[in-house]
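Open the model in your viewer and keep the selection tool at hand. Each stop below says what to select and what is there.

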2 protein chains.
Amino acid sequence: MKSLTISRLAEAGGVGVETVRYYQRRGLMPTPSRAGSAVRRYSDEDVKRLRFVKSSQISGFTLEQIRELLSLDATANRKRAREIARARIRDLDQKIAAMTRARRALKEMAKLCASGIGRCPIIPAFNQA
Amino acid sequence: MKSLTISRLAEAGGVGVETVRYYQRRGLMPTPSRAGSAVRRYSDEDVKRLRFVKSSQISGFTLEQIRELLSLDATANRKRAREIARARIRDLDQKIAAMTRARRALKEMAKLCASGIGRCPIIPAFNQA
DNA sequence: CTTGACTCCGTACCATGGTACGGAGCGCAT
DNA sequence: ATGCGCTCCGTACCATGGTACGGAGTCAAG
């Protein structure tokens with residue numbers, strides 16, 4: 001079960017060893033007991049947890065929000081869990097909407113820019129999109 | 001034309017005065033000449049520029065990337081402008097995809113969580129989505 | 001049983017994106 | 001003309017999310 005060293009865990013999660021330690025200090029990753037040995041060992045569950053942290057980060061969540069989401073996995077308070085999930089979904093919807101507008105604006109700018117009429121008008125493209 | 005004080009500009013852009021000054025230091029906002037007076041004045045164009053910075057930030061661009069995008073507005077190098085636009089669109093697509101997956105996972109978790117079977121399984125929800 | 005790689009932990013340092021502070025000067029209304 | 005609030009500028013400080021360093025200990029292959 002717990003067979004990975006920290007460097008293997010980090011490798012599997014696509015982060016550095018120092019980053020894993022940082023996540024431990026922030027309460028995002030466990031610090032397993034040393035179980036007789038002098039080194040701590042990690043499981044595949046820990047790899048999944050680490051990957052969860054990474055993908056949540058790409059979605060723009062702060063480490064604190066990710067810590068909160070992870071705490072839901074083990075919570076008995078379903079009401080709170082659903083509230084938090086709803087709040088994060090709202091955040092995502094707003095950001096996705098902003099990015100979709102930005103994407104449209106960049107496309108529009110590239111088109112006008114290619115047409116060769118005047119300059120590459122990025123500010124109006126955004127402020128209208 | 002240039003009639004706004006810095007505090008009016010900041011207000012119109014929804015940021016603080018110190019933030020505008022910071023953007024000036026970072027080359028994102030102009031530092032207009034004092035034109036005889038002791039205070040610098042800003043135009044509606046500057047307000048638009050400031051709003052552009054703000055909305056680009058929500059889309060996850062760094063200030064450096066935003067500075068680059070702003071520089072396109074005045075550039076004659078259309079090829080470079082289109083390349084940069086394409087790069088930023090790729091960034092957006094990746095982030096939008098990640099966020100869409102995260103949204104689906106949160107929805108799924110909320111559903112399972114509401115059903116009352118077992119816990120609120122957030123990690124598997126993400127790692128499958 | 002040594003040697004080289006890895007672990008552990010504390011602490012320091014870094015970049016990004018601000019926010020706050022403080023002194024000096026200016027400008028407008030009373 | 002005087003005061004209140006704003007401006008200007010430099011500098012300091014802050015939170016977030018790492019990254020680096022250094023010393024002591026450990027493990028495992030030769």
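**Stop 1: DNA strand D**

Select A:Leu63: a polar backbone atom of this residue is 3.4 Å from a phosphate oxygen of DNA strand D, a polar contact (a pair of N or O atoms within 3.5 Å; within protein, one must be able to donate a hydrogen and the other to accept it, and residues adjacent in sequence count only if both atoms are side-chain atoms). This is a predicted model, where local features need pLDDT of at least 70, side-chain atom pairs count only at pLDDT 80 or more, and totals for chains, interfaces and linings use all residues. Residues are numbered from 1 along each chain as its sequence is written, chains are lettered from A and ligands numbered from 1 in the order in which they are written, and side-chain values use heavy atoms, with hydrogens and water left out.

Go to B:Ser7. An N or O atom in its side chain is 3.0 Å from a phosphate oxygen of strand D. At B:Arg40, a backbone N or O atom lies 2.3 Å from a phosphate oxygen of the strand. Two elements give two or more residues to the surface near strand D: α2 (17-25) of chain A and α1 (6-13) of chain B. Helices here are DSSP runs (H or I, at least four residues), numbered from the N terminus. α2(A) has the largest share, five residues.

Now show everything near the strand (a heavy atom within 4 Å). 19 residues surround strand D, and A:Thr19, A:Tyr22, A:Gln57, B:Thr5 and B:Arg40 are the closest. Of the strand atoms within 4 Å of the protein, 73% belong to sugar or phosphate.

**Stop 2: A:Asp73**

Select A:Asp73, in helix α4 (residues 63-73) of chain A. Is A:Asp73 buried or exposed? A:Asp73 is buried, at a relative accessible area of 11%; buried means under 20%, exposed over 50%, partly exposed in between (1.4 Å probe, protein chains only). Its side chain reaches the backbone nitrogen of B:Ile122 at 2.6 Å. Among the residues that A:Asp73 touches (heavy atoms within 4.5 Å) are B:Arg119, B:Cys120 and B:Pro121.

**Stop 3: helix α3 of chain B**

Select residues 44-58 of chain B, helix α3. Buried residues here include B:Leu50, B:Phe52 and B:Val53. Their cover includes α6 (122-128) of chain A, with α1, α2 (17-25) and α4 (63-73) of chain B. At the start of α3(B), a side-chain oxygen of B:Ser43 reaches to within 3.3 Å of the backbone nitrogen of B:Glu45. Finish on B:Gly60, which follows α3(B) and has a positive phi, near 90°.

How values were computed: The expected span of a helix is 1.5 Å times one less than its number of residues. Lists of a residue's contacts leave out its neighbours within four places in sequence.
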